[in-house]
Amino acid sequence: MVSKVRSLGLGGIKGYEVSVECYLSSGLPSFDIVGLADVAVKEARERVRAAIKNCGIDYPVSRITINLAPADKKKAGTLYDLPVLLSILIASGAMEKVPVDTAFFGELSLTGELRAASGALPMALSAERFGVRELFVPADNAAEAAYATGVTVYPVAHVDELLEHLMGMERIEPVKACKPTLHYEHVLDFSEVKGQEKVKRALEVAAAGGHNILLTGTPGAGKSMLAKRLTTILPDLSRDEMLETTEIHSVAGLTSRNNPIMSVRPFRSPHHSVSPAAMAGGTSNPKPGEISLAHNGVLFLDEMPEFPRNVLEALRQPIEDGQVTISRAAQSVTYPCRFMLVCAMNPCKCGWYGHPSGKCTCSLMSIMRYHEKLSGPLLDRVDIYIETQSLEFETLRSRTAAESSAEIRSRVNKARMIQLKRFEGRNERCNAHIGHKQTQEYCFLSQECANLMQNAFNKLSMTARSYDRVLRVARTIADLEGAENIKPVHLAEAIQYRQIAFKA
């Protein structure tokens, strides 16, 4: 007898349908899995055999052949354990066929308990497209999968309770998605930052428009402290952005029962020893890298010149395209990576170049070599350059309360709402993401602004890319003020942010 059970697979962050077919035939007892399955999938035969016996069900003594269709797509992971078990039970006559509009996935323990699988949300979102109406998933994945609309999600803790449900004995109650709640780390707030008003203004502009920013300054000036607080002033995630971000983290195995959805923009801060594959994504079975995990959030590179040159250069194309394609011999997958690049660096190797104390011991040649670690094309993709100044004693001992993150975030949210309304019906969500054509359309310059821009273009030796980026920053500054058109004061501030302060 041949049985068929529907399941799902993952290609990048997109789900596809997998049909698990089982054929029991006469001959010496054996258990074969075909259909381009990796080692983890083939090991399912041992988990399935033990789970069936430990649930008190007779294991069929025959030749078992499992086919995972389509056979030309690579199957990886442990999520096919549950549908394989069901297909064997149906083929052996131990249970009736399951409805055609149901699908199953999940990893089995040897006792029949179900363990969570990676990628629950993207598979659940894809299930509706394939005509699936009921989806049975491990209990630890249920809260995450429930955010998919159009599919009824059932949490399964053990094979026994699933069989009782399918046989009509005791029904499993479906899970409903909980409303996401915003949670910011209470220990991180801009109210704790002393001074640095210009830097906080630059970060507010960057957050409002999604612009890349580079912080420079001497050690202890507060570069890392300010960057780590950036997520507390970023605009709130929309539902679509939450789902996009969660899909990536789900595929990477970073979601859990207690944290089923990403409600706050991610902040990724890889160490400078990170490899190109870890940054962009890779391995033989491609997984999201740091740039994809930072999608809709922040990628923070502390001590930027200490990162290997090939790692930094790997960021250039993703910054422009908003996605990265990882190609391997067996498959090619594309992950989104629309992130804010936030970088911090010292002005020289010792860190004290330009400091009033004169403590810098670096030679001019050493400073130039330090700066040469950053290529011109990469720096050209940064929208805002800002220098953090060393604070005076009186500023540090001041007890005057600074503006809180909540107050700044309210202004950022208003500016972002203006942009969302402007780009309604388009793929762009903020000023930093628009192309050249949209820049010309939405960043119109009056004659006075055009004259100011021409002078800055010639004096700063701007490229076509940096010209567009200045206009987008100016558009964001105007949005923060609620201005319909870019004014000379907005453009002047944007031009000021293009002046690289750390050059020797």
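## Backbone outliers

Residues between 20% and 50% relative accessible area count as partly exposed; under 20% is buried and over 50% is exposed. Leu36 has a relative accessibility of 48%, so Leu36 is partly exposed. The model that supplies this value is predicted. Leu36 sits in the loop that links β3 (30-34) to α1 (39-42). Its phi is positive, about 60°, although Leu36 is not a glycine.

Ser461 is another non-glycine residue with a positive phi, here about 50°. The loop between α19 and α20 holds Ser461. Its relative accessibility is 59%, and therefore Ser461 is exposed. Most residues other than glycine have a negative phi, and most peptide bonds are trans. The bond from Ala69 to Pro70 is cis, with omega near 5°. Pro70 belongs to the loop between β4 (63-69) and α3.

## Nonpolar cores

The largest nonpolar core contains 57 residues. Phe31, Ile66, Leu85, Leu86, Ile88 and Phe105 have the most contacts inside it. Helix α3 is the top contributor to this core, giving eight residues. A second core is separate and has 43 residues, including Ala207, Ile233, Ile477 and Leu491.

Leu86 shows what one of these highly connected residues touches. Beyond residues up to four places away in sequence, Leu86 contacts Val5, Met95, Phe104, Leu162, Leu163 and Leu166.

## Met95 and its partners

Where does Met95 lie? Met95 is in the loop between α3 (81-92) and β5 (102-104). Met95 has a relative accessible area of 8% and is therefore buried, as the cut-off is 20%.

Outside its neighbours within four places in sequence, Met95 contacts Leu86, Leu89 and Ile90. Leu163, Leu166 and Met167 are also among its partners. Met95 and Leu163 are 68 residues apart along the chain, yet their C-alpha atoms are separated by 8.2 Å. Leu86 also touches Leu163 and Leu166.

## Packing of α20 and α21

Helix α20 covers residues 464-481, and helix α21 covers residues 488-496. Their axes come within 8 Å and cross at roughly 130°. That angle is neither under 35 nor over 145 degrees, and falls outside 65 to 115, so the two helices are oblique to each other. The crossing of α20 and α21 is right-handed.

On the α20 side, the contact uses Val470, Leu471, Val473, Ala474, Ile477, Ala478 and Glu481. On the α21 side, it uses His490, Leu491, Glu493, Ala494 and Ile495. By class, the contact of α20 with α21 has nine nonpolar, one polar and two charged residues. Ile477 and Leu491 also appear in the second core.

## Packing of α19 and α21

Helix α19 (residues 447-459) also packs on α21, at an angle of about 15° and with axes 9 Å apart. The angle is under 35 degrees, so α19 is roughly parallel to α21. This crossing of α19 and α21 is right-handed.

Which residues make this contact? Helix α19 supplies Glu448, Cys449, Leu452, Met453 and Ala456. Helix α21 supplies Pro488, Leu491, Ala492 and Ile495. By class, the contact of α19 with α21 has eight nonpolar, no polar and one charged residues. Leu491 and Ile495 of α21 also meet α20.

## Buried Arg475 and Ser250

Is Arg475 buried or exposed? Arg475 has a relative accessibility of 3%, under the 20% cut-off, so Arg475 is buried. Arg475 is part of helix α20. Setting aside residues up to four places away in sequence, Arg475 touches Arg422, Asn431, Tyr442 and Cys443. Its contacts also include Ala483, Glu484, Asn485 and Ile486.

Ser250 is in helix α9 (residues 239-251). At 1% relative accessibility, Ser250 is also under the 20% cut-off and therefore buried. Not counting residues up to four places away in sequence, its contacts include Ser118, Gly119, Ala120, Leu121 and Pro122. Glu144 and Thr255 also touch Ser250.

Key
Residues numbered from 1 in each chain as written. Predicted model: local features only at pLDDT ≥ 70, side-chain atom pairs only at ≥ 80, totals over all residues. Heavy atoms only, no water. Axes fitted to C-alpha atoms, helices over the stretch in contact; angles between N-to-C directions. Helix = DSSP H or I, 4+ residues; strand = E, 2+ residues; numbered from the N terminus. Left-handed = near helix turned anticlockwise from the far one by under 90°. Contact = heavy atoms within 4.5 Å. Nonpolar A, V, L, I, M, F, W, Y, C, P; charged D, E, K, R; others polar. Buried < 20%, exposed > 50% of the residue type's maximum accessible area, 1.4 Å probe, protein only. Core = buried A, V, L, I, M, F, W, Y, C linked by side-chain atoms within 4.5 Å.
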